[in-house]
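Visitor: Hi, I have a structure open here and would like to talk it through with you. Could you put it up so that we can both look?

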Amino acid sequence: MIKVNLGLCIGCGTCESMCPDCFEINDDGKSHVKENCSESCCDLGDIVTACPVAAITVE
Ligand code: SF4
């Protein structure tokens with residue numbers, strides 16, 4: 001299960017640009033995991049690493 005720590009997310013958009021099927025910047029300026037995210041459509045490990053504030057975790 002993918003989670004975004006909203007307290008850490010700065011809304012940079014990196015995760016959304018790497019996988020728009022899983023991440024979406026909402027009106028609050030934070031990234032949210034989309035309901036239809038399959039977790040296999042993209043390389044989550046790369047996205048976790050790419051997040052500049054380490055806000056994304058995969059359990
Ligand atoms: S990459 Fe990290 S900081 Fe940037 S929008 Fe995604 S969760 Fe937020």
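Visitor: How many residues of each class, nonpolar, polar and charged, are in the shell around the ligand?

Guide: The shell holds 10 nonpolar residues, four polar ones and no charged ones, where Ala, Val, Leu, Ile, Met, Phe, Trp, Tyr, Cys and Pro count as nonpolar, Asp, Glu, Lys and Arg as charged, and the others, Gly among them, as polar. Please keep in mind that this is a predicted model, in which local features need pLDDT of at least 70 and side-chain atom pairs count only at pLDDT 80 or more, while totals for chains, interfaces and linings use all residues. Residues are numbered from 1 along each chain as its sequence is written.

Visitor: And which ones come nearest to the ligand?

Guide: Of the 14 residues around the ligand, the nearest are C9, C12, T14, C15 and C51, and a residue is near a molecule if its C-beta atom, placed from the backbone, lies within 6 Å of it.

Visitor: Where is C15 placed, and is C15 buried or exposed?

Guide: C15 sits in helix α1, residues 14–18; helices (H or I, at least four residues) and strands (E, at least two) are DSSP runs, numbered from the N terminus. C15 counts as buried because it has 26 C-beta neighbours inside 10 Å, the cut-offs being 20 or more other C-beta atoms within 10 Å for buried, 12 or fewer for exposed, and partly exposed in between, with C-beta atoms placed from the backbone.

Visitor: What does C15 touch?

Guide: Leaving aside residues up to four places away in sequence, C15 touches F23, S31, I47, C51 and I56, a contact being two C-beta atoms, placed from the backbone, within 7 Å.

Visitor: Which residues make up the largest nonpolar core?

Guide: That core has nine residues, namely C9, C15, C19, C22, F23, I47, C51, A55 and I56, and such a core is a set of buried Ala, Val, Leu, Ile, Met, Phe, Trp, Tyr and Cys residues joined through C-beta atoms within 7 Å. A55, one of them, touches V4, N5, L8 and C9, not counting residues up to four places away in sequence.

Visitor: Switching to A54, where is it found, and is it buried or exposed?

Guide: A54 lies in the loop between α2 (44–50) and β4 (56–58), and it counts as exposed because it has 10 C-beta neighbours inside 10 Å. The phi of A54 is near 50°, a positive value in a residue other than glycine.

Visitor: Last one: in what order do the elements run?

Guide: From the N terminus on, the order is β-α-β-β-α-β.
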